[in-house]
Amino acid sequence: MLNFVGSVLTVDKFVHGYARALRSRRLEIFLPYGDSIISRAMAASPGLSNRAIPFMERLGRHGHARFLKRKDQERS
């Protein structure tokens with residue numbers, strides 16, 4: 001469920017990010033950038049991570065439901 005905490009990227013957004021990474025020659029980029037802030041906060045404070053995981057899982061469940069709803073609409 002944690003994969004669905006942030007927004008699910010479209011292919012176009014992913015390709016744009018990939019092209020940007022090639023131009024900048026950075027070893028790592030985050031798509032979307034906001035996910036990097038959460039990741040860095042969790043890495044900086046492991047104690048916070050343990051407390052935040054139940055909240056993050058709830059967010060992930062909502063994101064997963066939005067993803068499934070979008071997929072169902074695309075099929076219709």
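These questions and answers cover a pocket, a surface patch and the salt bridges of a predicted model.

User: Which helix gives the most to the lining of the largest pocket?
Analyst: The largest pocket holds about 290 Å³ of space. Two elements, α2 (33-44) and α3 (46-75), each give two or more residues to its lining. The top contributor, with 4 residues, is α2.

User: By class, how many residues in the lining of the largest pocket are nonpolar?
Analyst: The lining has 15 residues, and those nearest the pocket centre include Leu-2, Val-5 and Asp-35. By class, 5 lining residues are polar and 1 is charged. The nonpolar count is 9.

User: Is Val-15 buried or exposed, or partly exposed?
Analyst: Val-15 sits in helix α1 (residues 11-24). Val-15 joins Val-11, Phe-14, Tyr-18 and Leu-22 in a nonpolar surface patch of about 550 Å². Buried means under 20% relative accessible area and exposed means over 50%. Val-15 has 46%, so the class is partly exposed.

User: Which residues are joined into one network by salt bridges that share partners?
Analyst: The structure holds 3 salt bridges. Asp-72 meets Arg-75 at 3.9 Å, N to O. Glu-74 meets Arg-70 at 3.8 Å and Lys-71 at 3.6 Å. Shared partners thus link Arg-70, Lys-71 and Glu-74.

User: What class of exposure does Arg-75 have?
Analyst: Arg-75 and Asp-72 both lie in helix α3, 3 residues apart. Asp-72 has 45% relative accessibility and counts as partly exposed. The cut-off for exposed is over 50%. Arg-75 has 70%, so Arg-75 counts as exposed.

Key:
Residues numbered from 1 in each chain as written. Predicted model: local features only at pLDDT ≥ 70, side-chain atom pairs only at ≥ 80, totals over all residues. Heavy atoms only, no water. 1 Å grid on protein atoms, 1.4 Å probe; cavity = no way out; pocket = protein on both sides within 12 Å on 5 of 7 lines; lining within 4 Å. Points joined across faces, edges and corners; volume = space filled by probe spheres on them. Nonpolar A, V, L, I, M, F, W, Y, C, P; charged D, E, K, R; others polar. Patch = residues over 30% accessible without salt bridge, like charges linked within 9 Å, V, L, I, M, F, W, Y side chains within 5 Å. Areas by Shrake-Rupley, 256 points an atom, 1.4 Å probe, with all protein chains shown as cover. Salt bridge = Lys/Arg side-chain N within 4 Å of Asp/Glu carboxyl O. Buried < 20%, exposed > 50% of the residue type's maximum accessible area, 1.4 Å probe, protein only.
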